[in-house]
Amino acid sequence: MNAFEMNLDGLVGPTHNYAGLSYGNIASKSNQAAVSNPKEAAKQGLQKMKALADMGFKQGILLPHERPAIWALKSLGYSGSDADILAKVAKENPAILSAISSASCMWTANAGTVSPSADTTDGRVHFTAANLNAKFHRSIEHETTTRMLQSIFRDERHFAHHPALPAIDYFGDEGAANHTRFCAGYGLPGVEFFVYGKEAFNESRPAPTRFPARQTLEASQAIARLHGLTDEHVVYAQQKPETIDAGVFHNDVIAVGNGNVLFYHQEAFVDTDRVLEELNRKLTGADLISVCVPTAEVSVHDAVRSYLFNSQLLSQPDGSMTLIVPGECREIPAVSDYLDRLIGMTDNPINEVQVFDLKQSMNNGGGPACLRLRVALNETEFAAMHSGIIMTDALYGTLNDWVDRHYRDRLTQADLADPQLLIESRNALDELTRLTGVGSIYPFQL
């Protein structure tokens, strides 16, 4: 049966702002308090989605979450009308207001981990929403994420959903930002590659000292068990602690994979030779092609600034691959020069680079790979999913019109306390659930 990879991109929400909430994410901290443009951010994301759909790739959307999250403030003891609550938190603790207003769910690589049916013991596609417990503003996402994924992939004959792991440091889980699948074909059994920052229950093992390790080995192992993955379908690798301390907060900032190709930086992993050997040994039906970018050609600093590895690696029908990169990759000479050399190499299938303007997302530390969750499906599973979120010409036009009617083109931190912003956001999301047919998934709708 034919199978393919589908990308589900996060539609940027109406409260997209620059609060600098993500310690360890250099771009996020560098643009703290800058003025954002939610309308432009949403349209930049939509343009990338439509372009990939036009190229023949399966493309869908995941909806923004309810923000500001009044329900989260109520759980922290705030009471009164919505306007009163916003006023209180803005006066008493504006940092909390910024956190519960974040549009960070746009980066759906963190939405969860997905294991295709070809890998799982029960032959279903498995989803586990990420607990994202390293950051408060992201830790409040998983319940809505789970409801959304359950609505889109609701047929229990084909899809299985798991709640997020316990929200404690020992089981910190950042979703597909630290998970890659390698395979000879999307419908064939593959190797699921889990990259972690530390071993939570073994403090004698290396760990970063400057920035937190957001993913633990124990969390990755738990997800593999929940998804029914056997040892021959799993490889674990530790991210280099020094690289995390250099601002590489997720594996998808230093490596990206697709099919039988791993595109990675020299400083990505601990014990790289062992990792490559195990991946190649467990990959059936193809040999692993590893494309290493040497530090001498692209420094870790330039890799982080450009988000070279936070790119999408996509398979074309002829077996070649296209790398989708942000515009910043052409603004940094060392990275741009490397990309020119890469597409001229004959020892790997990456022969095309396409550049997209994602400046609004990049300013907050999220590139093309951050914006998408990958789901490998066969034709039967694709037919069983909810079709209202699949990108088409009609949906693209509908969503652009929706953004024009509901989004602001300028947002500051002070605007987050405006009760009207909450009303605008809820009205927009309520309409969006009807336009896409996803149904009631938001706390204000339940």
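**Largest pocket**

I started with strand 1, residues 3-10, because I wanted to know what lines the largest pocket, and strand 1 gives the most to that lining, with four residues. This is a predicted model, so I keep that in mind for every entry below.

I looked up the volume next: about 260 Å³ of space lies in the largest pocket. Its lining has 14 residues, and I noted Phe4, Gly56, Phe57, Lys58 and Ser315 as the ones nearest the centre. Strand 12, which I find at 312-315, supplies at least two lining residues, as strand 1 also does. I sorted the lining by class and got seven nonpolar, five polar and two charged residues.

**Cavities**

How many cavities of 30 Å³ or more are there? I get five.

I picked the second largest cavity for a look, and about 180 Å³ of space lies in it. Of its 13 lining residues, Glu5, Val114, His179, Arg181 and Arg374 are the closest to the centre. Which strand gives the most to this lining? I have strand 15 down for four residues. I place strand 15 at 372-378 and strand 6 at 179-182, and each supplies at least two residues of the lining. By class I count eight nonpolar, two polar and three charged residues around the second largest cavity.

**Helix 2 with helix 15**

I moved on to helix pairs. Helix 2 covers residues 38-54, and its axis comes within 10 Å of the axis of helix 15, crossing at roughly 175°. Anything over 145 degrees counts as roughly antiparallel, so I write helix 2 and helix 15 down as roughly antiparallel to each other.

I listed the contact residues. Helix 2 brings Lys39, Ala42, Lys43, Leu46, Gln47, Lys50 and Asp54, while helix 15 brings Asp393, Tyr396, Leu399, Asn400, Val403 and Asp404. The classes come out as five nonpolar, two polar and six charged.

**Helix 15 with helix 16**

I stayed with helix 15 (residues 393-406) and checked it against helix 16 (residues 419-436): the axes come within 10 Å and cross at roughly 165°. The angle is again over the 145 cut-off, and therefore helix 15 and helix 16 are roughly antiparallel to each other. I also looked up the handedness, and helix 15 passes helix 16 in a right-handed crossing.

Which residues of helix 15 meet helix 16? I find Thr398, Leu399, Trp402, Arg405 and His406 on helix 15, facing Glu424, Asn427, Ala428, Leu429, Glu431, Leu432 and Leu435 on helix 16. This contact divides into six nonpolar, three polar and three charged residues. I marked Leu399 of helix 15 for a second look, since it meets helix 16 and is also in the contact with helix 2.

**Helix 4 with helix 5**

My last pair was helix 4 (residues 82-92) and helix 5 (residues 94-101), whose axes come within 5 Å and cross at roughly 125°. Are these two roughly antiparallel or oblique to each other? The angle of roughly 125° is not over 145 and lies outside 65 to 115, so I log helix 4 and helix 5 as oblique.

From helix 4 I noted Leu86, Val89, Ala90, Lys91 and Glu92 in the contact, and from helix 5 Pro94, Ile96 and Leu97. I count six nonpolar and two charged residues here, and no polar ones.

Definitions and conventions. Residues are numbered from 1 along each chain as its sequence is written. This is a predicted model: local features need pLDDT of at least 70, side-chain atom pairs count only at pLDDT 80 or more; totals for chains, interfaces and linings use all residues. Side-chain values use heavy atoms; hydrogens and water are left out. Axes are lines fitted to C-alpha atoms, for helices over the stretch in contact, and angles run from 0 to 180 degrees between N-to-C directions. Angles under 35 degrees count as roughly parallel, over 145 as roughly antiparallel, 65 to 115 as roughly perpendicular and the rest as oblique. A crossing is left-handed if the near helix is turned anticlockwise from the far one by less than a right angle, and right-handed if clockwise. Contact means heavy atoms within 4.5 Å. Ala, Val, Leu, Ile, Met, Phe, Trp, Tyr, Cys and Pro count as nonpolar, Asp, Glu, Lys and Arg as charged, and the others, Gly among them, as polar. On a 1 Å grid over the protein atoms alone, a cavity is a set of points where a 1.4 Å probe fits but cannot get out, and a pocket is an open set with protein on both sides within 12 Å along at least five of seven lines; lining residues have an atom within 4 Å of a point. Grid points are joined across faces, edges and corners, and a volume is the space filled by probe spheres set on the points.
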